Structures are given as structure tokens and as C-alpha cells.
Amino acid sequence: MKYPHQKQTGLKNGVLATARPGWSGSEWCWKFSLLIWLGLFLSCSAAKTERLDFLTGTWKVSGKEQYEVWEKNGKRGFRGYAYRGTGAEQQITERLEIRLRNGRLVYEATVPDQNEGATIRFSLNEALTDRFSFENAQHDFPKKIQYRLLTADRIEVTVLGEAGKGFSYIQERE
């Protein structure tokens, strides 16, 4: 007997064989493998962002009323902003995000009065192991934004342009 949700597949041992819709053995194997790879990708992605967990919190530029604030944005990145001043005098100077895009960590900066308010992306240079260097060779300035952990409560930020010219400053955890 053939049910409406079954399809005829041919004769098997003289009996009309039918199959219910769903995954065949090879389809099941292929889809299961895809799920395994997806799980591995997501766990590797989380591991990539975990290396930057030290950034979470509020950081003050040494000797200035300038701050950078970072918070976890789920397991896939960070969201932050930079501001000047204190209390009611705070002025946000840029919006920041570090997240995975196509398997790579990307630093995104949006400065309201620069680049017509467009977000500029910098990709992590994974060849460097002593610092996190986010780079965009096509951007005028900066071309590199680097974070180097000095201690649990101190980081060095380096901002570089053409021919490695730029500046550095120390941030301390608040």
C-alpha cells in the first residue's frame, strides 16, 4: 500500500518498495558532517575572540580624561566606545566593535566626524603574536591599530600610518 507521503522507489524482492520523505543514509551522513564542521567552526570562532577577553572593562588613557570602554557581545566579539571628559561632560568620540567576519577577527571603528560617518574595518594580522594588530592598508590613517597587553591592568595602544609613523599611549584599567 502506498501512502501520500511516500514515494515509489521500484521493486525490491518482487515487492514495490516505498520510501518516506527524509534523509537517506548518505544525506544523513553529509548533513551530520556539516553539523560537526559548523560546531567546530563556532568553537574555534569563540576561541579567537576569547584571546581578547582582557579588553573588557573601562580603560583610561594615562594622564588624560580619555577613556575606552569594551564589553562582550555574546561569544562572537566585543562592542565598545571611546569618550572624553567625565560625568555629564562625556563626549563619545568613536564607536567600536571587534567581531568575526568570514572567520576573521575584524576591528570596526565609526568616528562621527570622519569618513562621512562610515565604519572603517581593520582585519587582525594573525602572524603577530606579541600584540593584536588590526590592519587596513587602504585606509589613509590609521593603517594599523595595535593593542599589547602589558599587565592585567595596563595596555599599550599604538596607532600607525604610512611608513610606520604614528603614536602610542598607555591605558590603565579603571
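Which residue in β6 stands opposite Y83? In this model, which is a predicted one, the residue opposite Y83 is I92. I will start from that pair and work outward.

The two strands involved are β5, residues 77–84, and β6, residues 91–101. They pair in the antiparallel sense, over eight bridges. As general background, strands of a sheet pair through backbone hydrogen bonds, either parallel or antiparallel.

Next along is β7, residues 104–110. β6 and β7 run antiparallel and are joined by seven bridges. One of the pairs here is R95 with T110 in β7. The hairpin of these strands has two residues between them, and N102 takes a positive phi near 55 degrees there. Five of the seven residues of β7 are buried, so we can call that strand mostly covered. On to β8: five bridges join β7 to β8, again antiparallel, and V106 stands opposite S123 in β8.

Now the whole sheet. It is a barrel of 10 strands, closing in the order β3-β4-β5-β6-β7-β8-β9-β10-β11-β12, with antiparallel pairing. On average, neighbouring strands are turned by 25 degrees against each other, direction ignored.

Last, the largest pocket. Its space comes to about 730 Å³. There are 31 lining residues, and those closest to the centre are T93, E94, V111, F167 and Y169. Which element gives the most to this lining? That is β6, with four residues. Other elements that give two or more include β5, β8 and β12. By class, the lining has 19 nonpolar, seven polar and five charged residues.

Key
Residues are numbered from 1 along each chain as its sequence is written. This is a predicted model: local features need pLDDT of at least 70, side-chain atom pairs count only at pLDDT 80 or more; totals for chains, interfaces and linings use all residues. Side-chain values use heavy atoms; hydrogens and water are left out. Two strands pair if DSSP finds at least two bridges between them. Axes are lines fitted to C-alpha atoms, for helices over the stretch in contact, and angles run from 0 to 180 degrees between N-to-C directions. On a 1 Å grid over the protein atoms alone, a cavity is a set of points where a 1.4 Å probe fits but cannot get out, and a pocket is an open set with protein on both sides within 12 Å along at least five of seven lines; lining residues have an atom within 4 Å of a point. Grid points are joined across faces, edges and corners, and a volume is the space filled by probe spheres set on the points. Ala, Val, Leu, Ile, Met, Phe, Trp, Tyr, Cys and Pro count as nonpolar, Asp, Glu, Lys and Arg as charged, and the others, Gly among them, as polar. Buried means under 20% relative accessible area, exposed over 50%, partly exposed in between (1.4 Å probe, protein chains only).
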